[in-house]
Amino acid sequence: MPYFERVAVLLAADEIGSPALQRARQLCVAFGARLHLLVFAHSRMVEAASLLLPGLARQGRQGFLERAAHVAQQESQALRGCGIETDWEVLWSSGHDARLRRRLQALSPDLLVKNLDAGGASGWRSIDRLLLNHSAAAVLLAHPEPSAAGAVAAAIDMDRLWPCEVDFGERLAATAGRIAAAEGADLELLQAGSRDGAAAEDGFEQLGCRLSVPATRRHRLGRPTVPAILDYLAAHPARLAVIGAPLRTLGQRLLHGRHAERIALLAGCDVLALRP
């Protein structure tokens, strides 16, 4: 099933209205999905005070949570008014601790959406990597300066023999096509990292024909995979890049690299990483 029924968006209390929530809203409209707002609140000052003044720290924590709940409830009501089935919760978390990871795992959404930290903060960047490498759900990292123009680029193949993984390649491209249609954008098909050969080229062209993608929007890129995709996105800015992100063991990541992670963190646009 290439589409999403349950979308969870991870937001700090001051990120309501951020690119991640805007992108999650668009996807829920496109797929008729239910949206879950997971809003976290945190204060280092309150955490520090808990060692010496636990009562005061408890009051401070409660105040932060109440303000976050008020914001989440208001946004949830606004989303319901737009026809999106929405629920919400507030969690006391720094944004990169075990409590948050356990809660995300328990939610088991089809898609997790969060803002990409382009500033290099170690906590957020680590949770970005954790989600890309270990979450069973698809992951969308929203760029802090999203583009309203440009195409939706679907990067298929990802250094696998074609037509191996053909079913996943088609699901990935179909998902990208659904998003492009909902946003009134073009769909660009990218095939990167493929081994040369007539079978690879024929499979790619056949997929483009099945999805009614014109030949001018089908692009066979060179190798290695990651630089080829990043170079293409740098020369042809996209509103969204859709890539494959198979879950791999540590040994497999060391052997094959971290393609999805590197693309998602460096692409310069929103990136949706799908699971096979």
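Here is a short chat between a trainee and a mentor about a predicted model.

Trainee: Let's start with salt bridges. How many does a search of the whole structure find?
Mentor: Side chains of opposite charge can pair when their charged atoms come close. Here the pairing needs a Lys or Arg side-chain nitrogen within 4 Å of an Asp or Glu carboxyl oxygen. Searching the whole structure that way gives 14 salt bridges.

Trainee: Take D110 and R6. How many residues apart in sequence are the parts that this pair ties together?
Mentor: The two side chains meet in a salt bridge at 3.6 Å, N to O. D110 sits in the loop between helix 4 and strand 4 (111–115) and R6 in strand 1 (residues 6–12), so the parts they tie together are separated in sequence by 104 residues.

Trainee: Is D110 buried, partly exposed or exposed?
Mentor: Buried would need under 20% relative accessible area, and exposed over 50%. D110 has 25% relative accessibility, so the class for D110 is partly exposed. Its partner R6, at 38%, also counts as partly exposed.

Trainee: Which strands does the salt bridge between D87 and R34 tie together?
Mentor: The side chains of D87 and R34 meet at 2.9 Å, N to O. They are 53 residues apart in sequence, and because D87 lies in residues 86–92 and R34 in residues 34–41, the pair ties together strand 3 and strand 2.

Trainee: And what is the relative accessible area of R34?
Mentor: D87, on the other side of the bridge, is partly exposed at 24%. R34 is partly exposed too, with a relative accessible area of 29%.

Trainee: R218 pairs with E205. Which helix holds E205?
Mentor: The R218 and E205 side chains form a salt bridge at 2.6 Å, N to O. This pair links distant parts of the chain, 13 residues apart: R218 is in strand 8 (residues 218–220), while E205, within residues 198–210, is in helix 7.

Trainee: Is R218 buried or exposed?
Mentor: E205 counts as partly exposed at 27% relative accessibility. For R218 the relative accessible area is 15%, and the cut-off for buried is under 20%. So R218 is buried.

Trainee: Which residues are linked in a network of salt bridges?
Mentor: This goes beyond a single pair, with two arginines, a glutamate and an aspartate joined up. The residues in the network are R23, E183, R239 and D270.

Trainee: How far apart in space are R217 and L189, C-alpha to C-alpha?
Mentor: R217 lies in the loop between helix 7 and strand 8, and is partly exposed at 21% relative accessible area. R217 and L189 are 28 residues apart in sequence, and their C-alpha distance is 6.3 Å.

Trainee: Now the second largest pocket. Which helices each supply at least two residues of its lining?
Mentor: The volume of this pocket is about 300 Å³. Its lining includes R101, L104, Q105, L130, L131 and H134. Set against the ranges 98–107 and 122–134, the suppliers are helix 4 and helix 5.

Trainee: How many residues of that lining are nonpolar?
Mentor: One lining residue is charged and four are polar. The nonpolar count is seven.

Trainee: Last one: which residues form the nonpolar patch on the surface?
Mentor: Look around L52, which is in helix 2 (residues 44–52). L52 counts as exposed because its relative accessibility is 74%. The patch has about 500 Å² of accessible area together, and its members are L51, L52, L53 and L56.

Conventions: Residues are numbered from 1 along each chain as its sequence is written. This is a predicted model: local features need pLDDT of at least 70, side-chain atom pairs count only at pLDDT 80 or more; totals for chains, interfaces and linings use all residues. Side-chain values use heavy atoms; hydrogens and water are left out. Patches are made of residues with over 30% relative accessible area and no salt bridge: like charges are joined within 9 Å, nonpolar side chains (Val, Leu, Ile, Met, Phe, Trp, Tyr) within 5 Å. Accessible areas come from the Shrake-Rupley method with a 1.4 Å probe; for residues, only the protein chains shown count as cover. Helices (H or I, at least four residues) and strands (E, at least two) are DSSP runs, numbered from the N terminus. Buried means under 20% relative accessible area, exposed over 50%, partly exposed in between (1.4 Å probe, protein chains only). On a 1 Å grid over the protein atoms alone, a cavity is a set of points where a 1.4 Å probe fits but cannot get out, and a pocket is an open set with protein on both sides within 12 Å along at least five of seven lines; lining residues have an atom within 4 Å of a point. Grid points are joined across faces, edges and corners, and a volume is the space filled by probe spheres set on the points. Ala, Val, Leu, Ile, Met, Phe, Trp, Tyr, Cys and Pro count as nonpolar, Asp, Glu, Lys and Arg as charged, and the others, Gly among them, as polar.
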